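Welcome, and please open your viewer. This tour suggests what to select at each stop and tells you what is there.

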Amino acid sequence: GELEYSCAPYRPAGDVDEYPEYLPWDPVVAAETDFPITTYQPKYFVAENLTDAKQRMRKFCESMNRPFYARYNSNTQSVWVDRAVTLDEQLAVEPSPY
């Protein structure tokens with residue numbers, strides 16, 4: 001459909017002769033890749049299939065160092081956290097107005 005057409009390797013983005021780069025889906029590389037927000041996406045990460053993408057994402061998430069565990073409860077629309085969490089003022093980021 002529409003996504004397939006817009007991401008087609010034979011079609012340049014935005015009427016420009018610049019073609020995107022296609023890379024194997026690697027959550028570590030994707031997480032560290034900068035993406036411009038004012039131009040067309042220069043890189044696409046491609047998985048072999050949804051099972052492969054899910055397994056790689058699960059492995060990536062399990063490798064993350066998390067100082068606490070949080071779970072969303074859709075019935076109460078609340079987040080449960082297993083211990084007290086404080087905000088480090090040095091790492092705080094102003095929320096986006098959008």
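The stops below go from the whole chain to a helix, then a hairpin, a loop and a surface patch.

**Stop 1: the whole chain**

Start with everything shown as a cartoon, and keep in mind that this is a predicted model. Colour by secondary structure and you can pick out three helices and four strands. Going along the sequence, their order is α-β-α-β-α-β-β.

Now switch on the surface. The protein exposes about 9,100 Å², and carbon and sulfur atoms supply 54% of that area. How much of the protein do buried residues make up? The share is 11% of the 98 residues. For contacts, take the pairs of residues at least 6 apart in sequence: 22% of these contacts join residues at least 24 apart.

**Stop 2: helix α3**

Select residues 50-62, which form α3, and show side chains. The structure holds two salt bridges, and this helix has one of them: the side chains of Asp52 and Arg56 meet at 2.9 Å, N to O. The pair also appears as a polar contact of 2.9 Å between the two side chains.

Why are these partners separated by about one helical turn? Asp52 and Arg56 are four residues apart in helix α3, so about one turn lies between them.

Is Asp52 buried or exposed? Asp52 has 16% relative accessibility and therefore counts as buried, because the cut-off for buried is under 20%. Arg56, with 36% relative accessibility, counts as partly exposed.

**Stop 3: the β3-β4 hairpin**

Next, select β3 (70-73) together with β4 (residues 78-81). The two strands pair in the antiparallel sense over four bridges. To see how they line up, click Ala70: Val81 in β4 stands opposite.

Then move to the turn. β3 and β4 form a hairpin with four residues between them. Gln77 lies in this turn and has a positive phi of about 50°, so pick that residue if you like to check backbone torsions.

**Stop 4: Asp82 and Arg83**

Select Asp82 and Arg83 as sticks. Their side chains meet in a salt bridge, again with an N to O distance of 2.9 Å. Both partners are partly exposed: Asp82 has 31% relative accessibility, and Arg83 has a relative accessible area of 46%.

Keep Arg83 selected and add Pro67. How far apart are Pro67 and Arg83 in space, C-alpha to C-alpha? The distance is 9.0 Å, with their positions 16 residues apart in sequence.

**Stop 5: the loop before β3**

Stay with Pro67 and widen the view to its surroundings. Pro67 sits in the loop between α3 and β3, and its 58% relative accessibility makes it count as exposed. Phe68 is found in that loop too. With 33% relative accessibility, Phe68 counts as partly exposed.

**Stop 6: the nonpolar patch**

Finish by selecting Phe68, Tyr72, Val79, Val81 and Val85, and turn the surface back on. Together these residues make a nonpolar surface patch of about 440 Å². Two of the names come from earlier stops: Phe68 belongs to the loop between α3 and β3, and Val81 is the β4 residue opposite Ala70.

Terms used: Residues are numbered from 1 along each chain as its sequence is written. This is a predicted model: local features need pLDDT of at least 70, side-chain atom pairs count only at pLDDT 80 or more; totals for chains, interfaces and linings use all residues. Side-chain values use heavy atoms; hydrogens and water are left out. Patches are made of residues with over 30% relative accessible area and no salt bridge: like charges are joined within 9 Å, nonpolar side chains (Val, Leu, Ile, Met, Phe, Trp, Tyr) within 5 Å. Accessible areas come from the Shrake-Rupley method with a 1.4 Å probe; for residues, only the protein chains shown count as cover. A salt bridge is a side-chain nitrogen of Lys or Arg within 4 Å of a carboxyl oxygen of Asp or Glu. Buried means under 20% relative accessible area, exposed over 50%, partly exposed in between (1.4 Å probe, protein chains only). Contact means heavy atoms within 4.5 Å. Two strands pair if DSSP finds at least two bridges between them. A polar contact is a pair of N or O atoms within 3.5 Å; within protein, one must be able to donate a hydrogen and the other to accept it, and residues adjacent in sequence count only if both atoms are side-chain atoms.
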